[in-house]
Amino acid sequence: MTDLGWLFNRGTLTFLAGGLGVTLELAAIAIAISFVAGIVLALARLSRWHVLRIVATIYIEGMRALPLLLVIFFAYFALPRIIGVKLDPFTAGAIALSAFTAALVAEIVRAGILAVPKGLLEAAASQGLSPAQILRIVTLPIAVRQMMPALVAQFVTLLKDTSLTAVIGILELTRRGQIVFAQPPFQPIPVFALLALIYFTANFGLAQAGRRLETRTL
Amino acid sequence: MPSPSAIEFSGVQKWFGTNHVLADIDLAIAPGEVVVIVGPSGSGKSTLIRCINGLEAVQQGTVTVDGRRLTAKGGELAAIRRNVGMVFQAFHLYPHKTALENITLAPINVKRVPREQAESEARALLERVGLPEKAAAYPAELSGGQQQRVAIARALAMQPKVLLFDEPTSALDPEMIKEVLDVMKALAHTGITMVVVTHEMGFAREVGDRVVFMDAGHIVEQAAPERFFSAPANPRAQLFLSKILAH
């Protein structure tokens, strides 16, 4: 038990590090896509245009009602039949995580936008700024700062949820941990402890980065 | 036909639901005039000046600024707004921008003034409102009076012909009111057209060219400050003044 050489050797650690790389890459892609898509969805839901509002509302409420695991299965098994293109597990996983998180980000962004004081928008309008300029220069920057804590919490959840993509065969961190302890000497506890430490460190870093953005102004 | 007025209300009516907030408003303000609008809360003062830059739309009648009629159309409205600055009761400075950035934001983005020029003009404006050392400060780091002076500088940065003040000192502690009024007094002598909604009767008397008294959506009386304050003609104006000047 005291000899952990089977775990702390170059080969095993490289294998696990590769899994962390996949996890982080998946999370980074999904964060970027869901952030942009979430803003677009939030704006659509706040739009004056009726059709846009309904489409966005259906997407957001529908997606929020589904288990993420179902969305991952759907992206891997069903989506290729619909679009007629075969998707590798990584692509399907990235699509599922992005599409799912976008709906949650949209609600955070919408709340942030609605919380921007109306008087600020009037001040900007009274100076002759166009609605698009007001959105870009005033509304969104203020809204994003206000919603940073909720957004970071959502992205931490996303990073952890990348582990669910193990079910469609992505060799991310959790799946690789499973592979390691499924071999002699069959000891799950040290492996789980190491994985927990790695996830904690990654999410702690993510939360710290978010906090820094949050306190930069305001 | 060019209008000699800087601002002109003609037959303006406005309702909020069944509430008749502006009734039969006819008002012409000359270039360079300082008009002070007074009256009880809910009399329509704020709504009146918010019609001058289209923050409120009128339902009947016309409002023209510099001969241009305010319509709800985007481009034309933005063009009028460039010439009409506004200072709000709650300041409404952009909280994520420094004092300097608050002032340069509109010149850079609306008038396409080069950043360097906008910044040097902004520094001159901060000097003018007595806050040259606050260029890098964020609004949250400034007192109410300082924020309002930055807001005045921000409004001036667009070099407007008309400046609107919507109860600019009502949210301020008493000791900060003076610093804001002093800046406004200095402005009044520069030839800019000013329309000021305020409860500061001393300011109205000292700086105003004309006092407009509103009650229940109507302009009930307008007169030179001396006459208005010493001998108001309308009974409602008399009542208002007796209440506000009692203590």
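Which residues are buried in helix H9 (residues 235-244) of chain B? To answer with care, it helps to remember that the structure is a predicted model, with an ipTM of 0.91 and a pTM of 0.85. For chain B the mean pLDDT is 93, and 97% of the residues in this chain reach 70 or more.

The buried residues of H9 in chain B are B:Ala237, B:Phe240 and B:Leu241. They lie on the same side of H9(B), because they cover an arc of only 95° around the axis. The spacing behind such an arrangement can be understood from a general rule: an α-helix has 3.6 residues a turn, so residues three or four places apart point the same way. On the face of H9(B) that is turned away from the buried side, one finds the exposed residues B:Pro235 and B:Lys243.

What, then, covers the buried residues of H9(B)? The cover includes two helices of chain B, H7 (201-207) and H8 (225-230), together with the strands E3 (34-38), E9 (210-215) and E10 (218-223) of that chain. At the N-terminal end of H9(B), the helix is capped by B:Asn234, which has a side-chain oxygen 2.7 Å from the backbone nitrogen of B:Arg236.

We can now turn to chain A, which has eight helices and zero strands, so that, by the way helices and strands are assigned, its pattern along the sequence reads α-α-α-α-α-α-α-α. The C-alpha atoms of chain A fill a box of roughly 70 × 45 × 25 Å when this is taken along the principal axes. Of the 218 residues in chain A, 44% are buried. If one considers the contacts in chain A between residues at least 6 apart in sequence, 77% of them join residues that are at least 24 apart.

A last feature brings residues of chain A and chain B together. A search of the whole structure finds one cavity of 30 Å³ or more, and the largest cavity holds about 40 Å³ of space. The residues that line the largest cavity are A:Ala123, A:Ser126 and A:Gln127 from chain A, and B:Val84, B:Gly85, B:Met86, B:Phe88, B:Arg154 and B:Ala155 from chain B. Three elements each supply at least two residues of this lining, namely helix H5 (118-126) of chain A, strand E6 (84-87) of chain B and helix H5 (144-156) of chain B. Among the contributors to the lining of the largest cavity, E6(B) gives the most, with three residues.

Notes
Residues are numbered from 1 along each chain as its sequence is written. Chains are lettered from A and ligands numbered from 1 in the order in which they are written. This is a predicted model: local features need pLDDT of at least 70, side-chain atom pairs count only at pLDDT 80 or more; totals for chains, interfaces and linings use all residues. Side-chain values use heavy atoms; hydrogens and water are left out. pLDDT is the predictor's confidence in each residue, from 0 to 100. Buried means under 20% relative accessible area, exposed over 50%, partly exposed in between (1.4 Å probe, protein chains only). Helices (H or I, at least four residues) and strands (E, at least two) are DSSP runs, numbered from the N terminus. The arc is that of the directions from the helix axis to the C-beta atoms. Contact means heavy atoms within 4.5 Å. A polar contact is a pair of N or O atoms within 3.5 Å; within protein, one must be able to donate a hydrogen and the other to accept it, and residues adjacent in sequence count only if both atoms are side-chain atoms. On a 1 Å grid over the protein atoms alone, a cavity is a set of points where a 1.4 Å probe fits but cannot get out, and a pocket is an open set with protein on both sides within 12 Å along at least five of seven lines; lining residues have an atom within 4 Å of a point. Grid points are joined across faces, edges and corners, and a volume is the space filled by probe spheres set on the points.
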